Amino acid sequence: MLSNIGFPGLILIFLLALIVFGPKKLPQIGRAVGTSLREFKDATKGITDEIQEEFKEDVQTARKESAK
């Protein structure tokens with residue numbers, strides 16, 4: 001969906017945001033969005049690490065049982 005925007009579409013979105021929010025609020029909004037994306041990325045990385053660790057333990061247990 002977002003991969004079809006292209007460079008002209010990004011410029012249009014930026015200009016609309018500049019008109020709606022103004023030049024003083026736009027950096028604050030960008031900073032807030034960046035912080036939110038970083039927190040979301042960290043949270044999803046933590047969840048995937050936990051899931052991978054659980055699967056690793058399950059695989060090790062299954063290998064031990066199949067070796068018996």
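This is a short walk through the structure above, from its overall outline to a few of its residues. Keep in mind as you look that the model is predicted.

Let us begin with the overall fold. The protein contains 2 helices and 0 strands. Helix H1 covers residues 6-21, and helix H2 covers residues 26-67. To get a feeling for the outline, look at the C-alpha trace: along its principal axes it spans about 70 × 25 × 10 Å. The radius of gyration tells a similar story. For a compact globule of 68 residues we would expect a value near 11 Å, but this protein has 22 Å.

Now turn to the surface. What share of the 68 residues counts as buried? The share is 6%. The protein exposes about 6400 Å², and carbon and sulfur atoms supply 66% of that area.

One place to see nonpolar side chains on the outside is a surface patch of about 430 Å², made by Phe7, Ile11, Phe14 and Leu15. Take Phe7 as your example from this patch. You will find Phe7 in helix H1. Is Phe7 buried or exposed? Its relative accessibility is 62%, and because exposed means over 50%, Phe7 counts as exposed.

Charges come next. The protein carries 10 positive and 9 negative side chains, and the centres of these two sets lie 12 Å apart. Some of the negative side chains come together at the surface: Glu50, Glu53, Glu54, Glu57 and Asp58 form a negative patch. Asp58, one of these residues, sits in helix H2. With a relative accessibility of 47%, Asp58 counts as partly exposed, because that class lies between the limits of 20% and 50%.

Finally, let us look at how opposite charges pair up. How many salt bridges does a search of the whole structure find? The search finds 1. Its partners are Lys45 and Asp49, whose closest N and O atoms are 3.2 Å apart. Both residues belong to helix H2, where they are 4 residues apart, or about one turn of the helix. Try tracing that turn in the model from Lys45 to Asp49. Asp49 has a relative accessibility of 37%, so Asp49 counts as partly exposed.

Notes: Residues are numbered from 1 along each chain as its sequence is written. This is a predicted model: local features need pLDDT of at least 70, side-chain atom pairs count only at pLDDT 80 or more; totals for chains, interfaces and linings use all residues. Side-chain values use heavy atoms; hydrogens and water are left out. The radius of gyration is taken over C-alpha atoms; the globule rule is 2.2 Å times the number of residues to the power 0.38. Buried means under 20% relative accessible area, exposed over 50%, partly exposed in between (1.4 Å probe, protein chains only). Accessible areas come from the Shrake-Rupley method with a 1.4 Å probe; for residues, only the protein chains shown count as cover. Lys and Arg count as positive and Asp and Glu as negative; His and the chain ends are not counted. The place of a charge is taken as NZ of Lys, CZ of Arg, CG of Asp or CD of Glu. Patches are made of residues with over 30% relative accessible area and no salt bridge: like charges are joined within 9 Å, nonpolar side chains (Val, Leu, Ile, Met, Phe, Trp, Tyr) within 5 Å. A salt bridge is a side-chain nitrogen of Lys or Arg within 4 Å of a carboxyl oxygen of Asp or Glu.
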